[in-house]
Amino acid sequence: MDLLAPPARTLNFDAFWRWLQEHTNCILRCGSPDMTLFDHDDFHWMLMEEERQHVLQLIKGKSLVGEMVMVGREVTEVSISPDPDADPQAGHFLVELMGGPKEDPQVMYHFVMAHGIEPVAGHQGFKH
């Protein structure tokens, strides 16, 4: 039996950023074409805005492990779909932040989240 994946969902950067601020403990990894940050039980995520840039920091205790700076105004669309590389039972979602020319958009940043943007029963913002 062939099962079709649910369709991708799209939203704008500001809506995604607001949602992400409430789900920092659900980030499994994030990155850009040049780098990737991976979550770990000993780490936590900090999100902030500085001078029209959106900053994600991965922190261990009080030490910076890594940082990704995003220019939100350059993101034209945020696409959210089930992660094609994950076990379907895991429920992980791939978030791709697209930008560049309209005729040839590119993935500028990506996230793998423990769940999609729809409400999850029993979810309280903690890792799954």
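Here is a quick briefing on the fold, the aromatic pairs, a few individual residues and the largest pocket.

This is a predicted model. The protein chain has one helix and nine strands, and 41% of its 128 residues count as buried. Three aromatic pairs turn up in a search of the whole structure, while the disulfide count is zero.

**Overall layout**

- Going along the sequence, the protein chain reads β-α-β-β-β-β-β-β-β-β, so what you have is one helix and nine strands.
- Take the contacts in the protein chain with a separation of 6 or more: 48% of them are between residues 24 or more positions apart.

**Aromatic pairs**

- The whole-structure search gives three aromatic pairs. One of them is F13 with W17, a stacked pair with 6.1 Å from centre to centre and 20 degrees between the planes.
- Both partners of that stacked pair sit in helix α1, which covers residues 13-21. F13 and W17 are four residues apart there, or about one turn of the helix.
- F13 and W17 are both buried.
- F16 and F111 make an edge-to-face pair, with 5.3 Å centre to centre and 65 degrees between the planes.
- What does the F16 and F111 pair tie together? F16 belongs to helix α1 and F111 to strand β9 (residues 106-113), so the pair joins parts that are 95 residues apart in sequence.
- F16 and F111 are both buried too.
- W19 also comes into the picture: ring pairs link F16, W19 and F111 into a cluster.

**H110 in strand β9**

- Strand β9 is also where you'll find H110.
- Is H110 buried or exposed? H110 counts as buried, because its relative accessibility is 18% and the cut-off for buried is under 20%.
- Setting aside neighbours within four places in sequence, H110 is in contact with R29, C30, G31, S32, M35, T36 and V95.

**Cysteines**

- One of the contacts of H110 is C30, and C30 is itself buried, with a relative accessible area of 0%.
- C26 counts as buried as well, at 0% relative accessibility.
- Neither C26 nor C30 is in a disulfide, since the count for the structure is zero.

**F38 in strand β3**

- F38 has its place in strand β3, which spans residues 35-38.
- With a relative accessible area of 51%, F38 is exposed; the cut-off for that label is over 50%.
- Exposed or not, F38 has company: leaving out residues up to four places away in sequence, F38 touches L28, R29, F43, W45 and L58.
- How far apart are F38 and L28 in space? Their C-alpha atoms are 6.3 Å apart, and the two residues are ten apart in sequence.
- R29 appears in two contact lists here, that of F38 and that of H110.

**Largest pocket**

- The largest pocket holds about 180 Å³ of space.
- Which residues line the largest pocket? The lining is made up of P82, D83, P84, A86, D87, P88, G91, H92 and F93.
- Sorted by class, that lining comes to five nonpolar, two polar and two charged residues.

Notes. Residues numbered from 1 in each chain as written. Predicted model: local features only at pLDDT ≥ 70, side-chain atom pairs only at ≥ 80, totals over all residues. Heavy atoms only, no water. Phe/Tyr/Trp six-rings, centres within 6.5 Å; stacked < 30°, edge-to-face > 60°. Helix = DSSP H or I, 4+ residues; strand = E, 2+ residues; numbered from the N terminus. Buried < 20%, exposed > 50% of the residue type's maximum accessible area, 1.4 Å probe, protein only. Contact = heavy atoms within 4.5 Å. Disulfide = S-S within 2.5 Å. 1 Å grid on protein atoms, 1.4 Å probe; cavity = no way out; pocket = protein on both sides within 12 Å on 5 of 7 lines; lining within 4 Å. Points joined across faces, edges and corners; volume = space filled by probe spheres on them. Nonpolar A, V, L, I, M, F, W, Y, C, P; charged D, E, K, R; others polar.
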